[in-house]
Amino acid sequence: MMRTRTTIPRSVIADVEQRVRRLCEDLAAKLQFHGWHHVSFVRDKAVHFARRNGAAEDICEVAALVHDLNYMVRRNSLPTDGEALRRKTLFVAGVCIGDIEWIERIVIEAEMRTRHRDISLEAQALSDADTLFKALPVTPVVLAHKYLQENGITLRELAHKIVGEQVGKADDGYYFYDAEAAATYTKWAETNLSLWKCIVESLDDPCVEDLLTKVAS
Ligand SMILES: [Fe+2]
């Protein structure tokens with residue numbers, strides 16, 4: 001017999017939110033890119049996409065709140081580096097063990113580097129929200145340099161990371177999972193990926209490299 005699942009109470013979700021927000025505020029100087037502005041955007045959009053695709057909204061909301069805790073553990077890290085902090089944050093807020101396990105799986109499934117066409121509906125909602133943040137036209141203009149500062153990487157490394165991780169998904173037709181997101185935001189995503197491909201190309205010009213060295217010094 002199928003048991004109906006008890007959704008995570010609003011008070012518990014609010015507790016998770018408060019804990020993550022406090023961590024973001026305490027570490028704001030180190031989280032120029034993955035701070036509360038990113039987490040709250042991804043949370044709002046993940047809930048929106050969960051409503052559209054029928055995923056468990058409460059799970060998507062909490063997964064979005066904790067999906068980038070790894071950046072509080074170590075700069076330029078992977079979602080797996082945040083597992084212990086995620087589990088602790090969820091446990092002390094009162095999320096049950098079964099839901100903690102589920103949320104952990106979703107965060108790992110939705111990771112841009114390794115996600116594939118057939119991830120769960122919850123991971124799709126989280127992925128579309130996080131991917132949309134990357135594809136926003138304002139992100140390369142006002143946030144890309146903050147990503148470099150936060151993670152201690154070069155523009156060349158970031159450009160190769162974006163092109164290497166994202167172009168294949170766009171070419172294979174699952175950059176966004178949600179049809180409405182794809183219809184609405186593909187133009188932004190294509191423009192963004194074109195820009196990053198052009199940045200990779202431009203870095204082959206020694207004069208551009210020299211220019212960047214001078215700007216940085
Ligand atoms: Fe994120």
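This is a short tour of the structure, one selection at a time.

**Stop 1: the whole chain**

Start with everything shown as a cartoon, and keep in mind that this is a predicted model. You should find 11 helices and 0 strands. Following the sequence from start to end, the pattern reads α-α-α-α-α-α-α-α-α-α-α.

Turn the model around to get a feel for its dimensions: the C-alpha trace spans about 65 × 40 × 25 Å along its principal axes. A compact globule of 217 residues would have a radius of gyration near 17 Å, and the protein has 18 Å, which agrees. If you colour by accessibility, 46% of the 217 residues count as buried. Now think about contacts between residues with a separation of 6 or more: 68% of them join residues 24 or more positions apart.

**Stop 2: the iron ion**

Which residues coordinate the iron ion? Select His-38, His-67, Asp-68 and Asp-130 and show their side chains. The two histidines each offer NE2, the two aspartates each offer OD, and the distances run from 2.1 to 2.3 Å. In sequence, these donor residues follow the spacing H-x28-H-D-x61-D.

Why is the arrangement called irregular? The 4 donor atoms subtend angles of 82 to 170 degrees around the iron ion, which makes it so. For comparison, ideal angles are 109.5 degrees for four tetrahedral donors.

Stay here and look at two of the donors. His-67 has 5% relative accessibility and counts as buried. Asp-68, at 10%, counts as buried too.

**Stop 3: helix 2**

Select residues 36–53, which form helix 2. Its 18 residues should span 26 Å at 1.5 Å a residue, and the end C-alpha atoms are 25 Å apart, which agrees. The iron ligand His-38 is one of the buried residues in this helix; others include Trp-36, Val-39, Arg-43 and Phe-49.

What do the buried residues of helix 2 pack against? Add helix 1 (10–26), helix 3 (57–66), helix 7 (121–135) and helix 10 (179–202) to your view to see the partners. Just after helix 2, pick out Gly-54, where phi is positive at about 85 degrees.

**Stop 4: the nonpolar core**

Next, select Val-16, Val-20 and Ile-103. These are the residues with the most contacts inside the largest nonpolar core, which has 65 residues. In soluble globular proteins, nonpolar side chains tend to be buried together.

Zoom in on Val-20. Setting aside residues up to four places away in sequence, Val-20 touches Trp-36, Val-39, Leu-65, Val-66, Leu-69, Met-72 and Thr-89. You have already met Trp-36 and Val-39 among the buried residues of helix 2.

**Stop 5: helix 9**

Now move to helix 9, residues 155–171. This helix has 17 residues and reaches 23 Å from its first C-alpha to its last, close to the 24 Å expected at 1.5 Å a residue. Its buried residues pack against helix 7, helix 8 (138–151) and helix 10.

Two residues here are worth a click. Is Gln-166 buried or exposed? With a relative accessible area of 4%, Gln-166 is buried. Beyond its neighbours up to four places away, Gln-166 touches Met-112, Lys-134, Tyr-175 and Leu-193. Val-163, at 21%, is partly exposed. Leaving aside neighbours within four places, Val-163 is in contact with Trp-196, Lys-197 and Val-200. Try a distance label from Val-163 to Asn-192: they are 29 residues apart along the chain, and their C-alpha atoms are separated by 9.9 Å.

After helix 9 comes Gly-173, whose phi is positive, near 85 degrees.

**Stop 6: two loops**

Finish with the loops. Between helix 4 (70–73) and helix 5 (83–93), select Asn-76. Its phi is near 50 degrees, a positive value in a residue other than glycine. At 40% relative accessibility, Asn-76 counts as partly exposed.

Then select Glu-111, in the loop between helix 6 (97–109) and helix 7. Glu-111 counts as buried at 17% relative accessibility. Apart from neighbours within four places in sequence, Glu-111 is in contact with Leu-78 and Pro-79.

Key
Residues numbered from 1 in each chain as written. Predicted model: local features only at pLDDT ≥ 70, side-chain atom pairs only at ≥ 80, totals over all residues. Heavy atoms only, no water. Donors = N, O, S within 2.8 Å, 3.2 Å for Na, K, Ca; no water. Tetrahedral: all angles 85-135°; square planar, octahedral: opposite > 155°, others 65-115°. Buried < 20%, exposed > 50% of the residue type's maximum accessible area, 1.4 Å probe, protein only. Helix = DSSP H or I, 4+ residues; strand = E, 2+ residues; numbered from the N terminus. Expected span 1.5 Å × (residues − 1). Contact = heavy atoms within 4.5 Å. Core = buried A, V, L, I, M, F, W, Y, C linked by side-chain atoms within 4.5 Å. Rg over C-alpha atoms; globule rule 2.2 N^0.38 Å.
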